[in-house]
Amino acid sequence: MIASTSKPQPSLTPIPAIAAFAIRCRWRRHRSCQGQSWPQALCSSAQAVPAWLAVPSPSVQLAMDVILIPAISHHCVSPSACLVKHTTEPPDLDTKHPLRHSFTKYGNQAARRPVKTLLISVAVAAVLIYPFPFLYTNDFTNGASNLPHHVWTSAQPFQGPVDTRPDVVMRSIWVHGSYMNALQPEVLQSALEIQDELLGPTLNFDPRRLSDHKYPADIDTDLTTDMRDSFHASNGLTNSSWFFHSPLQYWLCSKDRIAGDHSIIRTVNEGSRQATLINTTLRHSIVFSGKRFEGHRLVAADTLVITLIHMLDSPVGRQWERKAEQLARRKSKQWRIIPPDGRSYASTLYEFRFQPLSFQDDLFLGVAYTATALYFFVSLSRMRALKSRLGLIIAVTVQIAMSIMSSFTICAIWKIDLSKIPREVYPLIILTVGLENIFRFINAVILTPSDRSTSTRTGEALGKTGYIALASVSQNIAILWMLSKIVSPQISAFCTFAALALCFDFFYLLTFFTAVLSIDVRRTELSDSLTRVSTRKEPYSTSDSQPRKTWGDAVLRVETAVSTRVAGTIVIIAFVIMAQWHFFDNESLFQTILRLWRSSSQPHPTRSSSTAFLSVDIHQARTPTSWLRMQDHETAHEVIQAIKPHANRYIAQVYDPLIFVLDGSDRTPTSFGDSQLLPAAQGFFIAVISILAVVSLLMNYLLWDELPEAGAEDRPDDKPLLSVKTLSLGHALDIVLLKASNDGIIATVGLDRWIRIWDIRNGMFNYIVQDPGSDIDPFPVLAMAIDNDSNWLALLSAKDKVMLWNIPERRWGPVMSVEIKGRTPATFCFGYHKTELIDPVLVVRHNGIMTEMHMETNETKELQICRSPLVAALPHFEKPSPQYPHPPPRILTSSKRGCVHVASQFEPDWVSEGLEIPDPEDDKEIRSILPLPALSSFLACRDHTVDLIDMFTHKVTHTFATKSMKPNTLRCFHSTRRRPQCGSVGLASLAIAYTCAETGSCILQSYLPQREGDTICFRDPWKPGSKTCCLWRETVEHKYEVQNPGEWQALQIGYVVGVRKRETRAGVKETGSHSTLSPGTSGLRRRGGNGTHSLSHSISKSEMDDEDSWEVWSINARGDRSSTPLCDANQNHESLLVNGLGPMEKAGKSVIAVALGNIIKVITVGSDKFDGTQEESDDSAFVGMAASRKKKPSISTRKRTA
């Protein structure tokens, strides 16, 4: 690296920044430049690198990494050649770059919460799109004009030669009453008086009659009515023609009609389509200024505008000037005139254009849209990893439509006139740029390994493409900003629209499309899994056998630079130049480009109008300049047809208006001016809320049966999948018993004769089970149980006693005797009783006898479930369902003889029933059972098969082929229970896990429908089903194996989690010092103090690491694996040295608690999920619940019982 000097570092100018960035980006990719810094790679031929470039400051470093100026080609063989070849490929930022990391993190969060992300985008779109139809109407609501169809229009100061002869002259008077009260009768009548003074009598104006009157030689002579009418344009177009527009024509210029009109507002709105004698329409935009609309109706106006349009030699125009001066000299007390002398000195040449699209324009737009559509559909057809191409087409269309309409709304609110360019042009820019970003994003998702989770794939893809899209948008906005400074005003307005649309397109890409794509990817994981299975069966092809990609394929796959952000930039620049060319049809394209170049280097002169400061004095709601610029293109078309029938433009010399303010008028602005709220605000919030509700319901309907991505998806982005917390300082000796509830309550029993209660929901709070005022001694404890409400802890003592401890109140409850003869029972759990406050305790012995102990009444009931010794006894408490609204509590048992019994509670007693299950010839003995209460079924485990048996019919639904399994190791998790159209039980997926008896490995077998979107149906295969039903024999099996699993459990969120001891490193040499530990020292404690110090002297670090090398592993139904150390290497060793794990229990939907010596390790997959946040798909949520079970009162309301 070239050392930096002590000279001050100069500021980074744009040119060096661009060059430095391009060199830096390519140096990162050049393998030939390894070992060199990027400045040295450039100047390795003996050129020196400036110190400020060699060691850039942090701000320079960020600018080099973020400003995405096109990088250099990977085909170049030397860094110097890379500056001039193939400079359109964007750089690939490192995964740790803050910009890429931010997009990756956001993508993860958006994919984990797609519905919320989608609702945010829909809410923004609804807020911005709802006003669109109200803002863009022919009534010019809120001052925004409607968009022209198939024409180029403009109303702008003429930019040609100064001495250009105009086609017509435009003169006008503006009549003001009080602020926004121009439609009052007295204002209208005063305006009529002024109009008649300037033009002569206009009552029932109808000039279409023959007249032989000639204009007098004296130009100061007033015209008679017949003379004036003979020059009207309706009598033929001559150099003396004239016509006028006036709001008083709604009343035929009659004072009596105005005075007798009791609904002026209605008359004005009904006359907005009224035509004049030359077929021009008296639109509100040309006869009023400063309008207020409500519900598409004009309700107020600030100014009455009377406009005279005449040819250059028209005597009517000269009379207008002369009469205006005479009015000013009279100094009438009825009104105030601005300017006071009644003369309009300032004038501007304005060009009004109405130019239909030419054949070349149509051809260009047709080719552009056709090429874009072909590119879109061909690219889409080549993507094989999508759930629904039709849905994707709709999503892309909706995103582009939302971007365009949102931009239109903002432009209307900002009073940006977009009526000068054909409406067919506006979507083109967004299609060009937006499709690039969309396809780049989709391809990045597809290229991400499909075995990863949806959020990971989406996050990585957005991280790879998000900063490129941001750079593309920033680059194009910068170009549009520069172009807007040198182009004509109408093109400048289009540049503003395009910049807004690009911003909205980027926003909706990050919100709307990211959410839609993550949902599509999530629903595609089934087909991805099927593809992986079929792929494993096919031999891998070598690179030589793969066909060579063509350039066209690369373009369609968005893999070449031609389809990157440069294409959109080229289209933007080309269109702006072509559009500018349209408004200077007398120039060549080269002259237009030259004009743009000159205008960029010359400041634009500002025109000072005499009315500019006057508008402030009288507080006009709209200035004459802004009123002129917003004139409707249809009005311009009608005027063109009147004065130049075969032309598409005309030039008018527009004089500043004469302003008349009625005496006594209050021009103080009021709230009745231009509406500050969007139109139709009454239904605005209702519409937005309704749209959000509909989208939310639709998403819930589409995703209700999808397997949640595992509480693992809810963890913060900066946290790992597996997290481990330690519960220490609870026991002095090993923990021998551990029991956990579904809502995070843990009870432990140690060899130190302590019983502790832990609450891992509230800061790992714990206390010892003891009551100084009681002589109850439960030790030795054989078994424990926690009721479903986590209110009572039941302890089974070897003293033939069952004792209850109230967990929240910390007191002993009832105690009952039970004969167990010092043996641990097959099952010790709480049952259910609908009337008792304390659920009964169930004790099932290995001899098949069950005892139900009613602790409140001190009564017991016994039942001989099976006469053979039991190997397994498990509760089966099922929730109510439409088919079985009152399912009874059950106990399932299996015996050493292989028989299966079900004990069911039918009030008031229990009934035992033996099940006749068909035995396969090669696998007859049932070794264990596993209840599945959420499916109204259970699993019967044999040596190498597992039967899925219906609890009510006792029929085998399906038999799973397995490897030889160890007894009582089978576990199962599945998706939410569905109800197919056939009425049976349905699932989206199911998985079983067990320990292989031969290898000791954990085997995970998952089952999915053969066709994506179908439902695994539990019905009889011989009965008819629906089209979406998939029978068990039609499912696809995935099998995964975990070697050396240790102890493990299956969580309902879709993960198998275990704890194992890492294998010691082979070939590690012993240290020079010999261990002085005796064989018995493996159980020594690390307690701190002297014990810790003596132990540290006798055990080497490597031996200690090997002794404590426990790790947590996990695997999900897709085969995704993860692991993390069980113990923190930096934690204070205050626990016992152990060679084996203690008891392991599930403590929630995604939590496992395991004893390790005298401490507890709480392992969480993703985020903590306890019973209060569990979904219905979690079977453990149904334990202890039966039909019509009522919410029990809190402990504080129950009676204390001894």
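Where is P780 found? I looked it up in the model, which is predicted, and P780 sits in the loop between β14 (765-768) and β15 (781-786). I then checked the bond before P780 and recorded that the peptide bond from F779 to P780 is cis, with omega near -5°.

**Entry: another cis bond.** I noted a cis peptide bond from I338 to P339, where omega is near 0°. I placed P339 in the loop between β6 (335-338) and β7 (347-356).

**Entry: the whole protein.** I recorded 27 helices and 44 strands for the protein. Of its 1202 residues, 54% are buried. I also looked at contacts with a separation of 6 or more, and 67% of these join residues 24 or more positions apart. The exposed surface comes to about 54,600 Å², with carbon and sulfur atoms supplying 56% of it.

**Entry: positive phi.** I looked up D800, which is not a glycine but has a positive phi of about 60°. Its place is in the loop between β16 (792-797) and β17. D800 counts as partly exposed because its relative accessibility of 24% falls between the 20% and 50% limits.

I looked up S936 next; S936 is not a glycine either, and its phi is positive at about 55°. S936 lies in the loop between β27 (928-932) and β28 (937-941). Is S936 buried or exposed? I found S936 to be buried, because its relative accessible area is 2% and buried means under 20%.

**Entry: the loop after β17.** I located E809 in the loop between β17 (801-806) and β18 (811-817). At 24% relative accessibility, E809 is partly exposed. I noted W792 as a partner for comparison: E809 and W792 are 17 residues apart in sequence, and their C-alpha atoms are 9.7 Å apart in space.

**Entry: a nonpolar patch.** I found that F359, L363 and V367 make a nonpolar surface patch of about 330 Å². F359 belongs to helix α14 (residues 359-381). F359 counts as exposed because its relative accessible area is 62%, and exposed means over 50%. For the spacing I kept one rule in mind: an α-helix has 3.6 residues a turn, so residues three or four places apart point the same way.

**Entry: helix α17.** I recorded 31 residues for helix α17 (residues 454-484). From first C-alpha to last, α17 reaches 42 Å, close to the 45 Å expected at 1.5 Å a residue. Where is the kink in α17 centred? I found it centred on T465, with a bend of about 35°.

Conventions: Residues numbered from 1 in each chain as written. Predicted model: local features only at pLDDT ≥ 70, side-chain atom pairs only at ≥ 80, totals over all residues. Heavy atoms only, no water. Helix = DSSP H or I, 4+ residues; strand = E, 2+ residues; numbered from the N terminus. Buried < 20%, exposed > 50% of the residue type's maximum accessible area, 1.4 Å probe, protein only. Contact = heavy atoms within 4.5 Å. Areas by Shrake-Rupley, 256 points an atom, 1.4 Å probe, with all protein chains shown as cover. Patch = residues over 30% accessible without salt bridge, like charges linked within 9 Å, V, L, I, M, F, W, Y side chains within 5 Å. Salt bridge = Lys/Arg side-chain N within 4 Å of Asp/Glu carboxyl O. Expected span 1.5 Å × (residues − 1). Bend = angle between axes of the 7 residues up to and from the residue.
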